[in-house]
Every structure is written in structure tokens, then in C-alpha cells.
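Got your viewer open? Load the model shown here and follow along, one selection at a time.

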Amino acid sequence: MSVLSDRDIIRELGRGILFHPLKPGSIKACDLCLTASEYAYAIGQQQRLIIETESNQDQPGKEKKFFYIPPRDTALVWTDESVWLSNRFRGPLYSVVELVSEGLGHIGTRVNPCWSAVLCIPLHNVSDKAIRINVRDVKRPIAYLAIEKLSSKSSSNGNSDSSARLDLLRGRPNRHEIDDFFNQKELRWMKDDENLLKKLMIESDEYKNLKKSVQDTFLNLLGSDEQVRWTAISAIASLLAVIIAGIALFKPSPSSTPSPTKTPTPQIQANPKKTVNPTLDK
């Protein structure tokens, strides 16, 4: 088992990993940032947490949204991002040190192979003061998702748990707002619709920019001039063709393989103790 780096994650996007919406800064050195959505439920208070707003200094004209987890309470927080992993990967979740230092408990859970939906992350406020959680804030995420490559493919072929873990609200009061939101037809990419999730991710500007940056990095290694790049690409292609031809030339054919040498069977005398009379041979 190995952990994917940022380059590995970008390479697997669209193949073994789906992650939407991607935001600038979503991909760190070896993990993905999970941010809070506007939907969180306080188990102690038995209600959805109220979303508050304030002016956004980084983006004038836009409001910054946030909510507070009450003291000594646990909040079920749904992520803004939806995740899909193939049967070759799993994803452990790790706590954000800044939030833990303020009084949030440690996170210990994972994303199973073939999961496809948003995540529901329980955040435990063990302190005596309310803790602020920013909505869709990559600079202040609620958890980090690492991606581990399994040593062999998992036998799983779909979600083993309820989509988006809405089952955690079963029997609880004041849940209708959250249910109504996730049950909208156009938001089915948040609840086990892998095809729509992939379509939205691939068509997003952030995904296109990520892939373009990887392509540009490769092209920059070949030179800044376009003609020089094409010459280098042609030279690499020609070299690969020569290598493949050489392998095919020196590979022994089945007909040229020498047949195994047969070991002669020694002749055994029928009766080695019998005495031969020379007179009888005349």
C-alpha cells in the first residue's frame, strides 16, 4: 500500500479518483481538502445549525458563510465536495490541527473503495465555547483526505453504506431541510451518481486548468520554442520505435528454440549370470 502525492492525485483525476467541486488549493502535497457545506446538524440541539454571513475581505461583493458548533455538542457536517474512489483506492481522513487546537475532537474514519457521494463528518466540540466552521473555505477545511493505493483490487463494487450517510438522521427531528436539499434531482451527483459526478468535474474550469498545467510542465521540459518541442517529441517517438524494434529482433522465436536432448536408454543384459560356452558359437 502506498500514499498518492499531489502529482499522483492529479494524474488519477478522471480515472481512479473523482472530486468535485475542485477549488484552487484543494490539492495539497499529498491529500485533498474537504470543506464544510451549508448543511450541518447538531445532535445535542437536534436541529440544523444556522448559517451566518459576513463581508468577505478577500472577495469584495461576496459574503463569507459560517456556522458555530455548540459547546459540548457533536455536529454532523456534510462536505461541499463529492468523492468517488475506484476499487484500487481507499481514503483515510485526518483532522485539521488548527481546529483540534480550538477544541474539536480527533477524526478517525475513512472513505471505502467505490464510495461515490459527499461525506458526512462528525465534528465533536469538546470545549466549553462555540467553535466557528467556515463554509467552502479551502484555507480552513474541516478534514484532509489522503488517498492510499491498495496492494490489490478491492472486491467492493459500490457503496456499502447509505449514500451521503443521511441514514444518520433517521428518527431525528428537524431533518427535513437537509433531506430536501440532497434529494433534489439535479444534485444526484452528491448521492451515488458517478457518471454525473465525472461529467461535472471534467467540464469544470479548475479541472481543465490542473490538466493544462501538467501538460505545460511537460512541454516546458522539451523547450520554449514550438518547433523545438515537436522535434524533441519526434526524436522521443523515433527512439521508442527503435527500442521496440530491437526487442522484437532479438527475441527468440519458438522455432529456434533447441529441442531437448534425449538421454539414451542403457541396454540391460537379460541374464548377466549366465555363462557363455564358446564351443556353442562355432
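Start with the whole protein chain: colour it by secondary structure and you'll find six helices and 14 strands. Here helices (H or I, at least four residues) and strands (E, at least two) are DSSP runs, numbered from the N terminus. Keep in mind that this is a predicted model, where local features need pLDDT of at least 70, side-chain atom pairs count only at pLDDT 80 or more, and totals for chains, interfaces and linings use all residues. Residues are numbered from 1 along each chain as its sequence is written, and side-chain values use heavy atoms, with hydrogens and water left out.

Stay on the chain for a moment. Of its 282 residues, 40% count as buried (under 20% relative accessible area, with a 1.4 Å probe, protein chains only).

Now select residues 52–55, which is strand β6, and 131–134, which is β12. Add β7, residues 63–69. Together the three strands make an open sheet, ordered β6-β7-β12, with antiparallel pairing (two strands pair if DSSP finds at least two bridges between them). β6 and β12 are the edge strands, each pairing on one side only. Zoom in on β6 and β7: four bridges join them. To find one bridge, pick Ser55 and look across to its partner in β7, Glu63.

Next stop: helix α4, residues 194–203. Which of its residues are buried? Show Leu196, Leu197 and Met201. They sit on the same side of α4, because they cover an arc of only 130° around the axis (taken from the directions from the helix axis to the C-beta atoms).

How values were computed
Buried < 20%, exposed > 50% of the residue type's maximum accessible area, 1.4 Å probe, protein only.
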